[in-house]
Each structure stands twice: as C-alpha cells, then as structure tokens.
Amino acid sequence: MDILKGTALLLLVLGLFSLFSFKAPKGMKAMGALAGAAVAAFLVEAFQLYVGGDLLGFAFLGEVGEAAGGMGGVAAAALVALAVGVSPVYALLLGVSVAGLGLLPGFIAGYVVAFLVKQIEKKVPGGLDLIVIIIVCAPLVRFIAVSMKPVVDATLLNIGGIITETATSNPILMGIILGGVITVVATAPLSSMALTAMLGLTGVPMAIGALAVFGSSFMNYVLFDRMKFGDRKTTISVAIEPLTQAHIISANPIPVYVTNFIGGAGAGVIVATSGLINNASGTATPIAGLAVMYGFNDPMKVTIIALSCALIGTASGFLGSYLFRNYKIKTVDQLKKADDKDVVIEDTQKVAV
C-alpha cells in the first residue's frame, strides 16, 4: 500500500512539473534552470565530495564538494532568475539571499520574485532600482523560500521517505517503478538529478536511480541510432545527456518514453536485488552516478551490476527500435525545416504589418 501511495504522489508531482513546464510563463526555461542548478551544485558535490574526498581521500576536494552541495538553493534562485530575464547582478542578488536553503525552495522563490525584479528594472530609474531591489526583493525572496521549506519537506521529502522505507519490503516492484520513472524523467524537462535531489533519495533507491540512468545511455544511443532520429552527433549527445536533445524527445515522446521505461525498469530490478546502495542524493546521472557507486560498495560488484545495466539498456534500445519500427517519427531535419518555415512566416507577417 505504501509503495502505491508513494508512486501515486510521485506521479502527481511529475505531472505538476510537466504542467508548469508547458503552461507557466517561461516554464520550460525555468525547468532548464532547475536542472542546471542541480548540475552546478550536486554534480560537483558528487564528484568532489564522494569521489575525490571520500573515495580517493583528498580532503580539499571533499571541502569543494561539500561547499557546492550546500549551494543548491542559491544556484536555483539565481539561474531561474536569469532564465526569466533578470540581469546577472540582480539574479545573483536573489540567489545569495536564499543561502542555506534547499534547491526547490530557492527555485520557487527565485521564479516568483524574478518577475517583480523585472518590473522594478523597467519602471524604476536606473540606480534607484538597485536600492529598491535590495530593500524589497532580497528579504522577500528569502521569506518565500523559508515559507516553502516546510511545504517541500512535507511533500517531496515525505515521498522520498516513503520510497526509501518501502524499497526493502518489495525490491522488485520498487525497482520497476523507480527505475522506469527516473529514467523517463532523465529525458524530460525535469532532470533526474533534480528529482532525486528534491526527493532526498539515498540507499537502494538512489542506487537504482544512478545505475538505471547509466544504463539508459546505452539504450538511447541504440534507439536513436536505429530509429534514425538524427545524425551521429545527435546520437552521441543523447547518450551523454538526454536533455541536450529535448526538442527531438518532445517531438517523439511515445517511442522514447516507452523504451526508457522498459530499460529503466529492467535495470532497476537488477540494482534493487543486488544490495547496492548510494548515499549521495541527486546523483542520477550516467558518469557521476556510476563513479559515486564505487565509494559506497564493493568495486567488483558495482562493475558487474553496471555492465548488466548497460546490457539491459542496449537490449531495450534494440527492443524499442523494433517495437516502433513502423512509428512515424519526426527527425532533426524535419524539425529544423519546420522551425525555418515558422521563422519565414513570422518575418512575412512582420513585413505585412
């Protein structure tokens, strides 16, 4: 019952994020900023703290990672403000004002206050706008972030807690659900790193996320290569970071999402039954996720399970390309031609006006 509850809440949250991406003002750019903030804070933390510091024993690198990991809220508020269109100085002003707070509270506060900052920049004389922003917006952005923290703790962290607690009671089901969902999210506007960081996943669930996404690199390479979505550069890019090809994925959601769920679920089951753990939250990313796993587990076991996930991913890529062999896809060239056509129409309309 708890597994179903946690899964239902997780899907509800993902649905809300998708709705925000497509309906909110500058929603897609804002979600890109959230993913970027997760990379800036948690990817540095993963490499430097858990690999450089804990695994290799370099204390200084551990300090670098610890410092970066505590700046999730700052990065989120600053980057989302930049995405909305705030000037760099004012964006960073909002960011540093939420220091010490988490990724999602910083993101929400930065997004809301950024629109106010833009209005102040537009309507208040130059020079005076800085004073107004310091007096009004700096405390306001922190007030909103502090107010959102209990809400985030009561929802997202609660979902993460439910998932973590139930992972041991039914590991196969949890592997299917978590591996499939996180791998699909890795190709969606909300990055898998941001999701796992916001949920505060650790232990077996985080290990599932890290290695399922690792396996998805091989899966997406095979899928994109066999389906002929684009050229070799496109295929390599989607294997390294799916978000770089978000426009292609958004144009072909069914074959990409279905294949990723199948491959992620298969990898999730393997990891869930292996006993591997990952206590570095937010490391659902191919290279860093794999590297961090060596800091918490037997290296040989990690290598064997990672290779198994890669094989599952490769097989799933072949399976997906077979299942959707007659599916009418939209290629990179077709999307480019459509964009060029839209530009020509828009320019023609401007001339006519």
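Is Thr 259 buried or exposed? Let's keep that question in mind and walk through the model point by point.

1. **The overall picture.** What you have in front of you is a predicted model. The chain holds 16 helices and zero strands, so as you scroll along you can think in terms of helices and the loops that join them. Of its 353 residues, 50% count as buried. Have a look at the contacts too: taking those with a separation of 6 or more, 77% are made by residues 24 or more positions apart.

2. **Back to the opening question.** Thr 259 is buried, with a relative accessible area of 1%. You will find Thr 259 in helix H13, which covers residues 253–272. What does Thr 259 touch, leaving out residues up to four places away in sequence? The list is Met 219, Leu 223, Ser 316, Gly 317, Gly 320 and Phe 324. Two names there lead us to the next helix: Met 219 and Leu 223 have numbers that fall in H10, residues 203–227.

3. **A serine in H10.** Ser 217 also has its place in helix H10. Ser 217 is buried because its relative accessible area is 13%, and the limit for that label is under 20%. Not counting residues up to four places away in sequence, Ser 217 touches Ala 239 and Pro 286.

4. **How H8 and H10 pack.** Two packed helices are described by the angle between their axes and the distance between the axes. For helix H8 (residues 171–185) and H10, the angle is about 55° and the axes are 9 Å apart. The two helices are therefore oblique to each other, and their crossing is right-handed.

5. **Who meets whom there.** On the H8 side, the residues are Met 174, Gly 175, Leu 178, Gly 179, Ile 182 and Thr 183. They meet Pro 205, Ile 208, Gly 209, Ala 212, Val 213, Ser 216 and Met 219 in H10. The residues of this contact divide into eight nonpolar, five polar and no charged. You may recognise Met 219 from point 2, as one of the residues that Thr 259 touches.

6. **The salt bridge.** How many salt bridges does the count come to? The answer is one salt bridge. Arg 232 forms a salt bridge with Asp 225, and their closest N and O atoms are 3.5 Å apart. Arg 232 counts as partly exposed, at 46% relative accessibility. Asp 225 is partly exposed as well, with a relative accessible area of 25%.

7. **Two lysines worth a look.** Most residues other than glycine have a negative phi. Lys 26 is not a glycine, yet its phi is positive, about 55°. Lys 26 is found in the loop between helix H1 (2–23) and helix H2 (27–55), and counts as partly exposed at 37% relative accessibility. Lys 228 has a positive phi too, of about 60°. Lys 228 lies in the loop between H10 and helix H11 (232–240). Is Lys 228 buried or exposed? Lys 228 is exposed, because its relative accessible area is 56% and that label is used over 50%.

How values were computed: Residues numbered from 1 in each chain as written. Predicted model: local features only at pLDDT ≥ 70, side-chain atom pairs only at ≥ 80, totals over all residues. Heavy atoms only, no water. Helix = DSSP H or I, 4+ residues; strand = E, 2+ residues; numbered from the N terminus. Buried < 20%, exposed > 50% of the residue type's maximum accessible area, 1.4 Å probe, protein only. Contact = heavy atoms within 4.5 Å. Salt bridge = Lys/Arg side-chain N within 4 Å of Asp/Glu carboxyl O. Axes fitted to C-alpha atoms, helices over the stretch in contact; angles between N-to-C directions. Parallel < 35°, antiparallel > 145°, perpendicular 65-115°, else oblique. Left-handed = near helix turned anticlockwise from the far one by under 90°. Nonpolar A, V, L, I, M, F, W, Y, C, P; charged D, E, K, R; others polar.
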